[in-house]
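Hello,

Here is the structure I promised to pass on to you. Have a look at it first, and then read my notes below.

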Amino acid sequence: MSEQKLEVYNILNFLNDGNEIEDVLKKDQFGTFSSAEECIQYLVDEGYLEGDVQVSANVEITAETISKKYIVSELKDILRENGLKVSGKKSELVERVLPLLKEAKDASNLNVAVNKENSYDNLELTDKAKDFLKENDWIDLYNFALVAFRFEDYETYVESSNVDKIETALNFCDEFLSRSLVANHFLVFLDALSAKAHVYAYDGDYNSFMDYDLQRYIIGLNPISLDAQTYATYDVINEANILNLRRVVEALDMGNLKKRFDRIWNLSNIHNITVPKKSCFKILKKALAGADIEELNFDLKEKYFNKKFGI
């Protein structure tokens, strides 16, 4: 259910941003839904979307096609407009609407909308959908900063938190930073540092973002621990990390980079140095200037890492 909740939020948010249903229908991956059509139909059935979801006049009209194409409120509207009982389960409503829709193919005097094509063109978000987006706006922050962690874990953490969504996300990252140190999970530690940086970026605090992403770079070059299996696929310099740092440095006045680097190095409490501080900063400058990251990684492993980690 949690994974589906994430999917529902993402689709509704996509539509709420002004995108069209046809853009959703072009997507080819929906996780718990087998197709875009199934996803849209689910949103209609659950009352998140409403509008002209119409049964084709060129296909056989059955209880199954009606159930798929109309939500309960629409069925009740049809029955009400034709003077029929509107109470009961959806299956009962469908059975009452069925003969009306069959007759509607040939009779123009009934108050039932039947088009020649199955259309999603006029679907709009309902109040229920807008309330869902508002109540779960923390998912937007999850998508921006915390996708390295399981959605179910973060959802549970949010439900137990009594602070705002930014503080909740920062506390979540701090817990993973602490746990990863205790459990000696170095890659998780790096993920948590990067996530915390992005939480600050989401909140518009680019100074804190810069500090934590810079720390992620420094510790990446000076691992707390690194076993042979992890090292086999380890990128000393993370390209996404460098891209993030470069964007902020180029877009904003962040002050003297060397002074900031020295401060973050000292705060990082590095006891087991792999790449010396001076070299670490020189390599950072090269990376930010556009040097090939793959070549830098190769040189770093050759000079500092391979011998130390027994490769």
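**What helix 8 packs against**

The buried residues of helix 8 pack against five partners: helix 1 (2–16), helix 7 (127–135), helix 9 (151–160), helix 10 (165–183) and helix 11. Please keep in mind that this is a predicted model.

Which residues of helix 8 are buried? They are W138, I139, L141, Y142 and A145. Looking down the axis of helix 8, you would find these buried residues within an arc of 155°, so they line one face of the helix.

I139 is a good residue to click on, and it is found in helix 8. Its relative accessible area is 0%, and buried means under 20%, so I139 counts as buried. What does I139 touch, once its neighbours within four places in sequence are left aside? It is in contact with K5, L6, Y9 and F151. You can also find V158, which is 19 residues from I139 in sequence, while the C-alpha atoms of the two are 9.8 Å apart in space.

**Helix 8 with helix 11**

Next, turn to one of those partners. Helix 8 (residues 138–145) packs with helix 11 (residues 186–202) at an angle of about 130°, and their axes are 9 Å apart. That angle makes helix 8 oblique to helix 11. The crossing of helix 8 past helix 11 is right-handed. On the helix 8 side, D140, L141, F144 and A145 make the contact, and on the helix 11 side A195, H198, V199, A201 and Y202 do. By class, the residues of this contact are seven nonpolar, one polar and one charged.

**Another pair of helices**

Now try helix 14 (residues 239–251) and helix 16 (residues 277–288). They pack at an angle of about 75°, with axes 10 Å apart. Helix 14 is therefore roughly perpendicular to helix 16. I242, L245 and R246 of helix 14 meet L284, A287 and L288 of helix 16 in this contact. Five of the residues in the contact of helix 14 with helix 16 are nonpolar, none is polar and one is charged.

**The whole protein**

How many helices and strands are there in the protein? There are 17 helices and two strands. The protein has 311 residues, and 45% of them count as buried. Among contacts in the protein with a separation of 6 or more, 64% are between residues 24 or more positions apart.

Enjoy exploring, and write back with any questions.

Best wishes

Technical notes:
Residues are numbered from 1 along each chain as its sequence is written. This is a predicted model: local features need pLDDT of at least 70, side-chain atom pairs count only at pLDDT 80 or more; totals for chains, interfaces and linings use all residues. Side-chain values use heavy atoms; hydrogens and water are left out. Axes are lines fitted to C-alpha atoms, for helices over the stretch in contact, and angles run from 0 to 180 degrees between N-to-C directions. Helices (H or I, at least four residues) and strands (E, at least two) are DSSP runs, numbered from the N terminus. Angles under 35 degrees count as roughly parallel, over 145 as roughly antiparallel, 65 to 115 as roughly perpendicular and the rest as oblique. A crossing is left-handed if the near helix is turned anticlockwise from the far one by less than a right angle, and right-handed if clockwise. Contact means heavy atoms within 4.5 Å. Ala, Val, Leu, Ile, Met, Phe, Trp, Tyr, Cys and Pro count as nonpolar, Asp, Glu, Lys and Arg as charged, and the others, Gly among them, as polar. Buried means under 20% relative accessible area, exposed over 50%, partly exposed in between (1.4 Å probe, protein chains only). The arc is that of the directions from the helix axis to the C-beta atoms.
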